[in-house]
Amino acid sequence: MEKNWKMLADKLAKNHNLEAEELLWLYLNRNKERNQYLYETARKVREEIYGKEIYIRGLIEISNYCRNDCYYCGIRRSNQKVRRYRLSESQILDCCRKGYALGFYTFVLQGGEDGYYTDERLAKIISSIKREFPDCAVTLSLGERSRESYQRLYDAGADRYLLRHETADCRHYRKLHPKELSLEHRMQCLEELKEIGYQTGAGFMVGSPGQTPECLIKDFCYLKKLAPEMVGIGPFLSHKDTPFRDCENGTLEDTLFCLAVVRLLLPQVLLPATTALGTVDPTGRKKGILAGANVVMPNLSPQSVREDYLLYDHKASTGVESAEGLKELEKEMESVGFQVVKARGDWKQK
Ligand code: SAH
């Protein structure tokens, strides 16, 4: 095995792959200067495919009701302190209208696993959006559903689906989730989404409780194998009303490292600089873009509910993180040489 850090990084950039042990060595021997080299390398690979363009997505948080009890998540079922809400079809359509006027061509409908949103209700919402905005993409991020359900929503017009695998290590998955949930089923959902034809997004949190370097390497290997069109990566951030309230947050640097590695493993991937990254550090978004990310997802939810969709403490939903702050976001991206484009921003086949 090559034990020169930069040469291994170059090999990753050239082959878009490395052995697990090489990835582990790269990770264990990272430092500030070496990381910078990795970020630059990832940025170049990204620019070969997506140039200087940044795609934007309007994030509509449709419900904070959730049947699940994930230990890390602020809107978990057991959190009695949450003021629960769900948006109606007309509220969701209003968000889309507002977003479209601002220049958004992708709407992401995200929420807890809320039984209210039956296939029938969702199919109706999706087809209404597609009827009114045929030039826009609809992305769903609504957790685990049956294959039939995913198919029905796809047939109604949904284009993409985000479902982070959260961790590719079974034991770590058990530490993050109650026993009703399984990694096996999560991965099965991802396979089904791909088979149906969705542009599919997996992903994980960086620095979640119990995550070891070996877990991270498994995440990289799993992503390489699954080859999703999108990958969502952000630091774990604790929420005061969850069992992980006292756990340490993931770091900016480790998240940037993961973004860069994923860009190099999957050159075409649609890779957001996430809200969590912008929350852990005010320069996080910019730095994410400079480490290979090419998507930003400002918040397009109604103002009245933004405070209620708190997955973690201090979650940003104003300024650059809000759809209304698009001008500010454009300036921020321009300041590092990138340009927000008003387009659907689909995954690019080589
Ligand atoms: N219910 C949907 C949407 C979940 S919210 C689903 O199951 O896919 C989207 C993502 O936010 C999650 O996949 C998780 O990775 C992330 N998230 C949740 N709680 C978090 C926390 N405390 N810190 C950082 N990210 C968190």
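Lys 130 and Asp 159 meet through their side chains in a salt bridge, at 2.7 Å from N to O. This is a predicted model. The salt bridge joins distant parts of the chain: Lys 130 belongs to helix α5, while Asp 159 sits in the loop between α6 and β5 (160-162). The two residues are 29 apart in sequence. Three topics follow: the salt bridges, a small sheet and the ligand site. A short note on Arg 245 ends the briefing.

**Salt bridges**

- How many salt bridges does the structure hold? It holds 29.
- Is Lys 130 buried or exposed? Lys 130 has 17% relative accessibility, so it counts as buried, the cut-off being under 20%.
- Asp 159 also has a relative accessible area of 17%. Asp 159 is therefore buried.
- Asp 159 has a further partner, Arg 344. Their side chains form a salt bridge at 3.5 Å, N to O.
- Where do these two residues lie? Asp 159 is in the loop between α6 and β5, and Arg 344 is in the segment after β9. The pair therefore ties together parts that are 185 residues apart in sequence.
- Arg 344 has 22% relative accessibility, so it counts as partly exposed.
- Which residues join into one network? Lys 130, Asp 159, Arg 160, Arg 344 and Asp 346 do, through salt bridges that share partners.
- Another salt bridge brings together the side chains of Asp 119 and Arg 145, at 2.9 Å from N to O.
- That pair also links distant parts of the chain. Asp 119 is in helix α5 (residues 119-132), and Arg 145 is in the loop between β4 (137-141) and α6 (147-155). They are 26 residues apart.
- Arg 145 counts as buried because its relative accessibility is 16%.

**The open sheet**

- Three strands make an open sheet, in the order β8-β1-β9. Their pairing is parallel.
- Which strands form the edges? They are β8 (295-296) and β9 (339-341), and each pairs on one side only.
- Strand β1 covers residues 53-56. Its parallel pairing with β9 runs over 3 bridges.
- Within this pairing, Tyr 55 faces Val 341 of β9.
- In general, strands of a sheet pair through backbone hydrogen bonds, in either a parallel or an antiparallel way.

**The ligand site**

- The ligand has 17 residues around it. Those that come nearest are Tyr 72, Gly 111, Arg 164, Glu 166 and Leu 237.
- By class, this shell has 9 nonpolar, 5 polar and 3 charged residues.
- Gly 111 approaches with its backbone: an N or O atom there lies 3.0 Å from a nitrogen atom of the ligand.
- Arg 164 uses its side chain. An N or O atom in that side chain is 2.9 Å from an oxygen atom of the ligand.
- Arg 186 also places a polar side-chain atom 3.2 Å from a ligand oxygen.
- How much of the ligand does the protein bury? Taken alone, the ligand exposes 560 Å², and the protein buries 91% of that.

**Arg 245**

- Arg 245 is found in the loop between β7 (230-235) and α10 (252-265).
- Its relative accessibility is 43%, so Arg 245 counts as partly exposed.
- How far apart are Arg 245 and Arg 97? They are 148 residues apart in sequence, and 37 Å apart in space from C-alpha to C-alpha.

Conventions. Residues are numbered from 1 along each chain as its sequence is written. This is a predicted model: local features need pLDDT of at least 70, side-chain atom pairs count only at pLDDT 80 or more; totals for chains, interfaces and linings use all residues. Side-chain values use heavy atoms; hydrogens and water are left out. Two strands pair if DSSP finds at least two bridges between them. Helices (H or I, at least four residues) and strands (E, at least two) are DSSP runs, numbered from the N terminus. A salt bridge is a side-chain nitrogen of Lys or Arg within 4 Å of a carboxyl oxygen of Asp or Glu. Buried means under 20% relative accessible area, exposed over 50%, partly exposed in between (1.4 Å probe, protein chains only). A residue is near a molecule or strand if one of its heavy atoms lies within 4 Å of it. A polar contact is a pair of N or O atoms within 3.5 Å; within protein, one must be able to donate a hydrogen and the other to accept it, and residues adjacent in sequence count only if both atoms are side-chain atoms. Accessible areas come from the Shrake-Rupley method with a 1.4 Å probe; for residues, only the protein chains shown count as cover. Ala, Val, Leu, Ile, Met, Phe, Trp, Tyr, Cys and Pro count as nonpolar, Asp, Glu, Lys and Arg as charged, and the others, Gly among them, as polar.
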